[in-house]
Amino acid sequence: MNWGKRIAILYIGFVLMIVFLVLKSNHENTDLVSADYYAQELKFQDKIDGQNNMNALSGQVQCEARNKTVNLTFPQEMIGNNASGEILFYRPSDASLDLSNKLDIDAQGNQVIHNENFKRGIYRMQLKCMVNNKSYYYEQQIFMN
């Protein structure tokens, strides 16, 4: 084989590789962290204040994830004080797997969240709530198996 054919084979191979990479990159999932990330960044100080309020409590939120169920245990100050809010299970790898639940603490300070839509993998649990007109924020990474 002469050198001209080798250069042509090398060139065609390079072009095929570039076409393959372009086609593959068009099928990659490119979700944003949030659709309204700019508005959320403007409220970032609220999140910091909520974390400071959460750290000032007598205890921390305890979280245990197992078999598509998340058991949450809340500090004493949050029990029976009309706590309201939302628990978001943010899946960094796929926005379609994000789950949201309403905060509903029972009389013993627990909340059990069972959802068949939990998939195996890492979630970032984000708890935003109001108790006695004071905001609280808690975030923890959990692994759902």
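In which strand does Q111 lie? In this predicted model, Q111 belongs to strand β5, which spans residues 110–114.

**View 1. Surroundings of Q111 in strand β5.** Q111 has a relative accessibility of 7% and therefore counts as buried, the cut-off being under 20%. Apart from neighbours within four places in sequence, the residues in contact with Q111 are V70, N71, L72, F74, I87, K102, L103, D104 and I105.

**View 2. Polar contacts made by the side chain of Q111.** The Q111 side chain reaches two backbone atoms in the segment that includes K102 and D104. One is the backbone oxygen of K102, at 3.0 Å. The other is the backbone nitrogen of D104, at 2.9 Å. Both K102 and D104 also appear among the contacts listed for Q111.

**View 3. V15 in helix α1.** Helix α1 covers residues 3–26 and contains V15. The relative accessible area of V15 is 33%, so this residue is classed as partly exposed. From V15 to I87 the C-alpha to C-alpha separation is 49 Å, with their positions 72 residues apart in sequence. I87 is one of the residues in contact with Q111.

**View 4. The hairpin of strands β6 and β7.** Strand β6 (residues 121–131) pairs with strand β7 (residues 134–144) in the antiparallel sense, over 11 bridges. Within this pairing, L127 has Y138 of β7 as its bridge partner. The hairpin leaves 2 residues between the strands. In the turn, N132 adopts a positive phi of about 50°.

Technical notes. Residues are numbered from 1 along each chain as its sequence is written. This is a predicted model: local features need pLDDT of at least 70, side-chain atom pairs count only at pLDDT 80 or more; totals for chains, interfaces and linings use all residues. Side-chain values use heavy atoms; hydrogens and water are left out. Helices (H or I, at least four residues) and strands (E, at least two) are DSSP runs, numbered from the N terminus. Buried means under 20% relative accessible area, exposed over 50%, partly exposed in between (1.4 Å probe, protein chains only). A polar contact is a pair of N or O atoms within 3.5 Å; within protein, one must be able to donate a hydrogen and the other to accept it, and residues adjacent in sequence count only if both atoms are side-chain atoms. Contact means heavy atoms within 4.5 Å. Two strands pair if DSSP finds at least two bridges between them.
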